[in-house]
Amino acid sequence: MSRMPTDLFEAVIHNFGIEVRCICGHAVVFAANGLWWSFYVKRWPYRFSEARRRFCCTRCARSFGQRVRPDYLDATSLTPTIILPMPDEREWKRMIQSMRG
Ligand SMILES: [Zn+2]
């Protein structure tokens, strides 16, 4: 691995997870493929710097009733703790092919 991914799709291709951390200390690791897919469906930007703004900390929401954006989002080799639904296998392969090409 010569360089770290800078967006969700690169993380999928290179098999990284996505770590998201809040200043309160709450941290989660998403499996990149399902997370990328949910961004794809919503037409949200993949770049980490922009993707970060789409999250809000569930712990802060519960504790303070406030929407707090995480202050950290980056690729990680940690094991995912959150695995979002993915498209079915055939659709997924077709997607990866078209995105690569
Ligand atoms: Zn928080």
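This report walks through a few local features of a predicted model.

## Helix α2 and its surroundings

A good place to start is helix α2, which spans residues 32–42. Its buried residues are A32, G34, L35, W36, W37, S38 and F39. As background, an α-helix has 3.6 residues a turn, so residues three or four places apart point the same way.

What lies over the buried residues of α2? The cover includes two strands, β1 (17–21) and β2 (27–31). Helices take part as well: α1 (8–13), α3 and α5 (89–100) are among the covering elements. If you have the structure open, try finding α2 and then looking for each of these neighbours around it.

## Two residues with positive phi

Next, look at the backbone just after α2, where R43 takes a positive phi of about 60°. R43 has this positive value although it is not a glycine. The residue sits in the loop between α2 and α3. Is R43 buried or exposed? R43 counts as exposed because its relative accessibility is 77%.

N15 is another residue to visit: this non-glycine residue also has a positive phi, of about 60°. You will find N15 in the loop that links α1 and β1. With 71% relative accessibility, above the 50% cut-off, N15 is therefore classed as exposed.

## A patch of positive charge

On the surface, four arginines come together: R53, R54, R67 and R69 form a patch of positive charge. One of them, R54, belongs to the loop between α3 (48–51) and α4 (58–64).

How exposed is R54? Its relative accessibility is 41%, so R54 counts as partly exposed. That class covers values between the buried limit of 20% and the exposed limit of 50%.

## P80 and its partners

The last stop is P80, in the loop between β3 (72–76) and α5. P80 counts as partly exposed because its relative accessibility is 32%.

Which residues does P80 touch, leaving aside those up to four places away in sequence? They are V29, F30 and A31. P80 and F30 are 50 residues apart along the chain, yet their C-alpha atoms are separated by 5.0 Å. Strand β2 covers residues 27–31, and the contacts of P80 with V29, F30 and A31 are a handy way to find this part of the model on screen.

Note on methods: Residues are numbered from 1 along each chain as its sequence is written. This is a predicted model: local features need pLDDT of at least 70, side-chain atom pairs count only at pLDDT 80 or more; totals for chains, interfaces and linings use all residues. Side-chain values use heavy atoms; hydrogens and water are left out. Patches are made of residues with over 30% relative accessible area and no salt bridge: like charges are joined within 9 Å, nonpolar side chains (Val, Leu, Ile, Met, Phe, Trp, Tyr) within 5 Å. Accessible areas come from the Shrake-Rupley method with a 1.4 Å probe; for residues, only the protein chains shown count as cover. A salt bridge is a side-chain nitrogen of Lys or Arg within 4 Å of a carboxyl oxygen of Asp or Glu. Lys and Arg count as positive and Asp and Glu as negative; His and the chain ends are not counted. The place of a charge is taken as NZ of Lys, CZ of Arg, CG of Asp or CD of Glu. Helices (H or I, at least four residues) and strands (E, at least two) are DSSP runs, numbered from the N terminus. Buried means under 20% relative accessible area, exposed over 50%, partly exposed in between (1.4 Å probe, protein chains only). Contact means heavy atoms within 4.5 Å.
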